[in-house]
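This briefing is meant for a reader who wants to know where the ligand is placed and what open or enclosed space the protein offers. Please keep the structure in view while going through the points.

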Amino acid sequence: MCGIIGYKGKNNVIDVLISGLKKLEYRGYDSSGIALKGQGIQIIKSVGRISDLENKVNNTELIKTDMGIAHTRWATHGEVNEVNAHPHRVGKITLVHNGIIENAEELRNELTSKGVKFNSNTDTEVIAALIDSYYENSVEEAIEKAIHDLKGSYALGIICDDSDKLYAVRCQSPLILGVSDKGTFITSDIGAILKYTNKYSLLGENEIVTIDENGYKLEKDGQEIKREVMTSNLTEEDNDLHGYDHYMLKEIMEEPVLVNKLINKYANNLNALPDLSQYKNIHIIGCGSAYYAGMIAKNLFEDDGVKVECDVASEYRYRNIIYDDKTLVILISQSGETADTIAAMRKAMENNIDTLAIVNVDGSTIARETTYKVLIEAGREVAVATTKAYILQVLILSLLSYKLNPDDNYLSDLKKLPQQLNVLLDRTGYFKKLADQIYKRNDVFFIGRKIDYAICMEGSLKLKEVSYIHSDAYQAGELKHGTISLVEDGTVVFGIVTDDFIRDKTISNLEEAISRGAKPIYVGTEDSKYEDQIIVPKVHKKLQPLLVVPVLQIIAYYVALKRGCDIDKPKNLAKSVTVE
Ligand code: F6R
């Protein structure tokens, strides 16, 4: 987590750093800070949002500079306060860090015994102290020695009192180099520098970057490395709100167009998608919403006759997995940088197992390392809560399932989907009315069976993460094994009922909740007796979640709006979870 940016060049350094941090804010937003290098070093930090840092910077007399580093933090070591905010400075070394140093305590004790005094509780200050302890007259050499001692993940932007150069190095955490004729950038994400350049180079692990006014040099173990400069097809446009109040709403509203784009690409060209028929076992791995997209696919692939396991990456990476040579591991990740999902992928690959990544960010670690990949082409997703990426992940999984087990009605239903989605998302008035009924509740439950339960999990996560209302998803039959004791007068229970096979069973479970005072909201494909109901068009079962989940996303949005929540940046979260 955390976002870092650094720059040396002819553009206004403050503009580069602050506009970059605003784009990186999705990676964490507990505190932020910048360090400028001129005649001396000036550090400005602030707790809260980037706008708080910006105000502070605007009210400070700044040194003349052509170089700086900046950071937005998602706290891992140490509470949220200014002391723990980055940049950290020890001796002559000032740096920003994204990642986690696992042996920080050990290194801290060693350095303390040598007389180093620490101000913060962070692992980052330990790195600054370590580099400073090795520094004699070459910063590169000090960095080289220090990284040999570090265990864990890091992307570092480093400046030194004695040098006019900017230094960077990464291991596990993402960091790319931005290239332009007006200067050189380091950034956790290309999106942060698109205002200035779309040209970039990837950095390999433990390659040390040295940036001066003429450009950059890359070195590993003393050997110079040449790296290709690539062009991103993302534009500044992708970062605009286009008149919406929030990215979450904008991104939900983009779903019909993006779904249409993928349908046009694959519906008549299934050969462009991997063929799963050669695999006897499929393991589907992801975190959060990506895992819930995987749960949808588990239901689809099992109906296609394939043995499927679906697990969260943080568990899978530590479980004793029995592979055979007919196993495929599918990794689902919007960012392609989720630490646990990366670890799960590497575990499979170490066992010589094929991996297929369903990923949004091309050039991300997962996209680069996997055996096969399919890009979901969602464009940039800015809101921390995923919406459009989830839908496109499910669409790709649905197409893979169709390729595995084709049947007649799928393609005709597929082609109708974008228009049906448009019509559904247009029912704003009704979704707002439902939000009015929900926003004051303390608990909301979602119940469903089989694929409807997978839908419930995503609906529930969306609601709780953006509105902060406690919410849980249950297999409808499970509610009465304990949780029903929480149901009281007015508790909202969403009943998701799209699978005809178990429709009556779920309805009975909804009735059990109603008997205990629950207020039902029915979401289904057939008319019901319930006052509050959302009827979605009945489509092929491999496509049904694509019409139900957007409805739940938009209800979550309006509930959060009514509660005045910080919708695009819910508290305590970050978009890209690059730590375990
Ligand atoms: C929830 C959400 C998260 C992500 C999860 C995985 O709205 O966005 O649960 O789905 O952190 O992230 P990626 O897909 O980037 O691996």
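What follows describes the ligand site, the pockets, the cavities and two points of backbone geometry.

The structure is a predicted model, and the ligand sits in its second largest pocket. The protein covers 90% of the 410 Å² of accessible area that the ligand has on its own. Apart from the pockets, the count of cavities of 30 Å³ or more comes to two.

**Ligand site**

- The ligand is surrounded by 14 residues, and the closest of these are Ser333, Gln334, Ser335, Thr338 and Glu465.
- When the shell around the ligand is divided by class, five residues are nonpolar, seven are polar and two are charged.
- Two helices, α8 (289-303) and α15 (451-467), each supply at least two residues of this shell, and the largest share, three residues, comes from α15.
- Backbone atoms come within polar contact distance of the ligand at several positions: a backbone N or O atom of threonine 386 lies 3.0 Å from an oxygen atom of the ligand, and a backbone N or O atom of serine 289 lies 3.1 Å from an oxygen atom of the ligand.
- For valine 384, a polar backbone atom is 3.4 Å from an oxygen atom of the ligand; with the cut-off for a polar contact set at N or O pairs within 3.5 Å, this pair is counted as well.

**The pocket that holds the ligand**

- The second largest pocket, in which the ligand sits, contains about 630 Å³ of space.
- Its lining consists of 28 residues, and Cys287, Gly288, Ala574, Lys575 and Val577 are the ones that lie nearest the centre of the pocket.
- The elements that give two or more residues to this lining are α8, β18 (327-333), α10 (339-350), α12 (388-404) and α15.
- Helix α15 gives the most to the lining of the second largest pocket, with three residues, and α15 also provides the largest share of the shell around the ligand.
- By class, the lining of the second largest pocket divides into 13 nonpolar, 10 polar and five charged residues.

**The largest pocket**

- About 1,100 Å³ of space lies in the largest pocket, whereas the ligand is placed in the second largest one.
- The largest pocket is lined by 45 residues, with Ile190, Leu234, Asn360, Val361 and Asp362 lying nearest its centre.
- Two or more lining residues come from each of β11 (199-202), β15 (230-231), α7 (255-266), α11 (365-369) and β20 (372-375), and α11 makes the largest contribution, with three residues.
- The lining of the largest pocket has 15 nonpolar, 13 polar and 17 charged residues.

**Cavities**

- The largest cavity holds about 60 Å³ of space, and its lining is made up of Cys2, Arg73, Trp74, Ala75, Thr76, His77, His86, His97, Gly99, Thr122, Asp123 and Thr124.
- Among the residues that line the largest cavity, three are nonpolar, seven are polar and two are charged.
- The second largest cavity has a volume of about 30 Å³ and is lined by Phe446, Gly459, Leu463, Phe494, Leu552, Ile555 and Ala556.
- The elements that contribute two or more residues to the lining of the second largest cavity are α15 and α17 (545-562), and α17 gives the most, with three residues.
- The lining of the second largest cavity has six nonpolar residues, one polar residue and no charged residues.

**Backbone geometry**

- Most residues other than glycine have a negative phi, and most peptide bonds are trans.
- The peptide bond from histidine 86 to proline 87 is cis, with omega near 0°; proline 87 lies in the loop between β4 (67-73) and β5 (88-90), while His86 is one of the residues that line the largest cavity.
- Asparagine 352 has a positive phi of about 60° although it is not a glycine, and asparagine 352 is found in the loop between α10 and β19 (354-359).

Terms used. Residues numbered from 1 in each chain as written. Predicted model: local features only at pLDDT ≥ 70, side-chain atom pairs only at ≥ 80, totals over all residues. Heavy atoms only, no water. Near = heavy atom within 4 Å. Polar contact = N/O pair within 3.5 Å; in protein donor to acceptor, adjacent residues only side chain to side chain. Areas by Shrake-Rupley, 256 points an atom, 1.4 Å probe, with all protein chains shown as cover. 1 Å grid on protein atoms, 1.4 Å probe; cavity = no way out; pocket = protein on both sides within 12 Å on 5 of 7 lines; lining within 4 Å. Sits in = over half its atoms within 2 Å of the grid points. Helix = DSSP H or I, 4+ residues; strand = E, 2+ residues; numbered from the N terminus. Nonpolar A, V, L, I, M, F, W, Y, C, P; charged D, E, K, R; others polar. Points joined across faces, edges and corners; volume = space filled by probe spheres on them.
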